[in-house]
Structure formats: structure tokens, C-alpha cells
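Here are some short exercises to work through with the model open beside you. Try each task before reading its solution.

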Amino acid sequence: MGYPTQFRYSKEHEWIDLAGDRAKLGITEHAQSELGDVVFVELPAVGTEFKQGDTLGTVESVKAVSDIYAPVGGKVVEVNSDLEASPETINQDPHGTGWLIVLQLTDPGEADALLDAAAYEKFVNEE
Amino acid sequence: MRYIANSDADRREMLSAIGRTSLDDLFSDIPQPVKDKFQSLGLSSASEMEVSAKLERLASLNNISQGISFLGGGVYDHYIPSAVKHVTAREEFYTAYTPYQPEISQGTLTAMFEFQTLLCELTGMEIANASMYDGATALAEAALMATRATKRKVIAVTHALFPHYRRVLDTYCWAAGIEIVEIPTGADGRAELSQFAPGIAGLIVQSPNAFGIVEELDGVKESIGDALLIVATNPISLGILTPPGSYGADIVTGEGQPLGIPASFGGPLLGLFATRNSYLRQMPGRVVGQTIDADGNLGYTMTAQTREQHIRRQKATSNICTNAQLCALTATVYLASLGGDGLRQLSILNLKNAHYLAERLSAIPGCSLAFRSPFYNEFVLRVPADPRKLWRGLKENGILVEDPRLLASLGIGDGLRIAVTEKRTREELDRLVDLVGGMR
């Protein structure tokens, strides 16, 4: 699976899809394949605010529970509640219907420091 | 674990890495009087034979059979059927830990699953963990869990909580930055449950409480909104009292010692912890689950381990990611030996004995029950004489009651807390009455 070129990526394996001052956020193909079968996702409530680098939730697979870090700071405006009943969507479509939340960014400039698709792919291959 | 030898140079290097100058410096948290007392035993210059003799002499002081026990406060002198020790001493079972290898540990894992199931039946809850260290740590973990589940930092706790539970709770909460608000005890010995601030993460109620009184908990859950109702209880009392699950408890904790574990000084004890399914991922400790193996056979294995320390390290749900396996097994065998009817009868016997004694003691001129509310197998007797004098006098006559200073720490300076189990005979109860009557 390729990494969408319009996304920005963090070294903690999250992606964001920026649209104005909002960003949809998920975990990457690489992250889901490392985790294995996802059985539970813990997401923040709408309205919660995060600074860049904060833990905003957890993804639990049969192997491990991993924190999700905020690649950019902001306020949660939407949560993918479908994941509650079918967390496996994250394995099946991590860059699409397996999205986690939508953030309203505090400072869209923070996204500049994130990786583009090519840089992220290189990072993953080297890891 | 492999033995790793350390040279003096290794020790110096390790000490300097953590900023300590010597071993004494490392252990500087141990209070000096304790160190002095140890020094005064003169063990460091004694031969092995002398050390052994001295320690045996000290250990022999820890002998509950030196007296007839009316001690309670969380640890009780119950009869232990001989089957309990026979089963738990079998080598297949005799381990302190939950085993990691299900392929060679089905017996122990099955027993663990039974333990969890029995605890759920007893408390009326949906899931239980494989046990914790003791009643106090189980309660403190419940407080932490309530703050995780609600993302709030205030815990309300009733005054009539065993003082040692409270101290452990205070320590945990202090370290986690959790504020504790105390709910006073009313004149009836029950908590004034209408008196607490909103915005709490959880409400901790002990029932039967530290005065032995059964709290009135119907409707309490409804009155605290989405805060968690945490009930600390005595498992034997649940043979006749309403299981906390049926009045809406979110977490039930308890001390499992009454379930077949001897009343030793300092333990071992057994922490009980049960909650609702929806809190599975907030629950501390480990869980044994039932599953089907590759050939379709029923099997047991540890489950939901992804939040424990060996996987999540410092981000684990709790730093108690183990359990008191042998004590939990003991409780399982004990409950299985008694059965449901047996437990009910035992529970009633405790209640009857305690009520007989309470009635007789309170008929002594000058003596009275501190509270008029329903109690289980423990009660507070107000006495006209200095309770410490009475306590010492009873001890001299071979009768053990609790040091009244414990009760004084809960605000009752003129009383004795007395616990009665099925083991106390009518003669023993009457003897206590005669002695108190003669000494008052």
C-alpha cells in the first residue's frame, strides 16, 4: 500500500490530512501492520485540547497497547465513532475509513515540520 | 534468575550512578530507631546458631494461639477446613504466581478462572481480576481506577474505613496527585452520604464499616451521578448481606484473608477486586480467560495482558501486574469446600455469635454499644474503665482484643472493637463477658 502524497506524517507513525485549519488524523499502514489485529481504540472526547506531542488516545492490538501522539496541537472536533464497534477498520483501511479524529489546529505552522510521503517511506524503510 | 556477582567496584559505580555515597546512604529512608533496634539484637557478631536461636525466639512471639482471639479489623480468626491445606499444598498448585505458560499450567489457570467466577458470584459483579496483594492495595487501586475512568482527581471516602486501608489510600493518592475528601460518620455509626461535594471521581464506602456497621447503600449510586461507587467489604459477610453489584457498585474490593487464610501477623493477605465489564480496560491486575485451543479443546490462559507492565512498561494500567496466586487458590478451595449454603450458614453463625456477645456485654452496667445500627460480626463497645487497662487485663487472662488505640484513631477513645467468628464457643463468649464484668 502506498502512502498518500497529500498527507503529512510523523515519526510516531501518525498521518494527518490537512484542509485549511483542520486535519484528519490516523495511524499509518506501517503502524497497523506492526501492531497486528487491532481490538480496541480509545479516543478523546470532542472538545478535548492537545498540544503537539501529547498522548491523545491508545490503540490496542492483540500484541500491545500503543499511545497515539498528537502530531500537531489542536482541539478535537470529530471522532470516528464507528471504530468502537469495528476497530479492525484500522487494519483494513488505515489511510481511509480507519481515520481516528479530526483536529482543529492551534497553529497550522506546526505541520510544516512533519514528513512528506517520500520522506516517511524512507524513514520507515530505514527503521 | 541467574546469579550476578558484584564487586565492591561495581557497587560503588551503581551507587554513584544514582547519587549515593554508600549502602547506608542508600537506605537512609529506614528510620534510625528501627536500625537501632536491629543493632540491639546483636545479630551482626553472633554465630549462625545464635542468630537462628534468637530469631526463633522472636518468631515464637507471633503466636495467635496464645489467646482466644476477638481480633478483627480486616483479619479474622476463622476455622480452616483441612481440605484447604491438602489441596493447596499439592505440587501442581503450589506457586506464588500466575503462570505464563498455559501449555503446562492448565490446573492453576483453571483454579484462577474459578476464583474469578466465585468472586463475581459473591459480589454480584461481572468481572474480577486474579487477585491483588491485600484489601488495602485493592482499595487504593480502585481509587486510581476511578480517576482514570472519570478523568477527575477527587475521591470521597467515608470516615469509618479501617485505618490501615486509609493510610495506604493516602499514600497512593498523595503520589498520584489525587485529593481525598472525607465523609463523616453520623450518630448512628453510618456514613452521612448526603454530605459530599459534586465532581468526585469515586465514592469509597466500607461495609460492614470500621465500626462493624452495615452501611445503607440503596440508592447511593443514583445520587452520585457518573462517579464510581466503590465498596470495600468482607467476603464472608456476603453470605447474608446483599451483594454490592445489586445496588449498583462499580467496583467491589475486599480482604480475602477470611477465606481460608490463617490470621498471621503481617500476612500473607489477599486482595479482592471485581468490577463491571465496561471497565475491563481500566481494571488493574491480571485476568485468566477461558478459550478454545487449536484442536477445539476448552482451555485457560492469561488474557488482556497488553496493559500490564511486561508489555506496557511504565504506561501499564497499574504497577501491581501480578497477583497473590497461592492465597487466591486457597480462597477458591475454601469457597468450594463450603458451597453456597455452607457460606450462608457460616455467615449467619458469625452474625449470631457477635450479636449474642454484644447483647450480653452491653447488659453490663456502664457498658453500651456505641451505635444502634445493624452490625455484622464486629462491634464497638463503650466501656466505663480505661479501655487500655481492660485490654491489658484481658490479655493477661488469655483473651485477645484489639489495641484500643486503633479505635481511638477513629475518634472513639472509650471503647473496644470486638470481632466474633464461628470459632468462638459459648463458653469463650461468656468468659469474656465475666472478665469485662469483673474488671470494669
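**Exercise 1. Trace the order of helices and strands along chain A, then describe the overall dimensions of chain A.**

Step 1. Along its sequence, chain A runs β-β-β-α-β-β-β-β-β-α-α-β-α. That gives 4 helices and 9 strands, where helices (H or I, at least four residues) and strands (E, at least two) are DSSP runs numbered from the N terminus.

A word on conventions before going on. This is a predicted model, in which local features need pLDDT of at least 70 and side-chain atom pairs count only at pLDDT 80 or more, while totals for chains, interfaces and linings use all residues. Residues are numbered from 1 along each chain as its sequence is written, and chains are lettered from A and ligands numbered from 1 in the order in which they are written.

Step 2. Along the principal axes, the C-alpha atoms of chain A fill a box of roughly 35 × 35 × 20 Å. The radius of gyration of chain A is 13 Å, which agrees with the value near 14 Å for a compact globule of 127 residues (taken over C-alpha atoms; the globule rule is 2.2 Å times the number of residues to the power 0.38).

Step 3. Of the 127 residues of chain A, 34% are buried (20 or more other C-beta atoms within 10 Å of the residue's own; exposed means 12 or fewer, partly exposed in between; C-beta atoms are placed from the backbone).

**Exercise 2. Which residues does B:R417 contact, and is B:R417 buried or exposed?**

Step 1. Find B:R417 in strand β14 of chain B. B:R417 is buried, because 25 other C-beta atoms lie within 10 Å.

Step 2. Leaving aside neighbours within four places in sequence, the contacts of B:R417 are B:G72, B:G73, B:E378, B:V380, B:E402 and B:L407 (contact: C-beta atoms, placed from the backbone, within 7 Å).

Step 3. B:L381 is 36 residues away from B:R417 along the chain, yet their C-alpha atoms are separated by 6.4 Å.

**Exercise 3. Work out how β12(B) pairs with β14(B), and how enclosed β12(B) is.**

Step 1. β12(B) and β14 (residues 415-419) of chain B pair in the antiparallel sense over 5 bridges (strands pair if DSSP finds at least two bridges between them). Here B:F379 stands opposite B:I418.

Step 2. β11 (residues 368-369) of chain B also pairs with β12(B) in the antiparallel sense, over 2 bridges, and B:L369 has B:L381 as its bridge partner.

Step 3. β12 (residues 378-382) of chain B is largely enclosed by the rest of the structure, because 4 of its 5 residues are buried.

**Exercise 4. Set out the strand order of the open sheet of 7 strands in chain B.**

Step 1. The order is β2-β8-β7-β6-β5-β3-β4, with mixed pairing. At the edges are β2 (127-128) and β4 (179-183) of chain B, each pairing on one side only.

Step 2. For a parallel pair, take β6 (residues 228-233) and β7 (residues 251-255) of chain B, joined over 4 bridges. B:A232 has B:T253 as its bridge partner in β7(B).

**Exercise 5. How is chain B divided into domains?**

Step 1. Domain 1 covers 66-79 + 340-439 and domain 2 covers 82-334 of chain B (bounds from an automatic or database domain assignment).

Step 2. Their contact takes 27 residues from domain 1 and 21 residues from domain 2 of chain B.

Note on methods:
Two residues are in contact if their C-beta atoms, placed from the backbone, lie within 7 Å.
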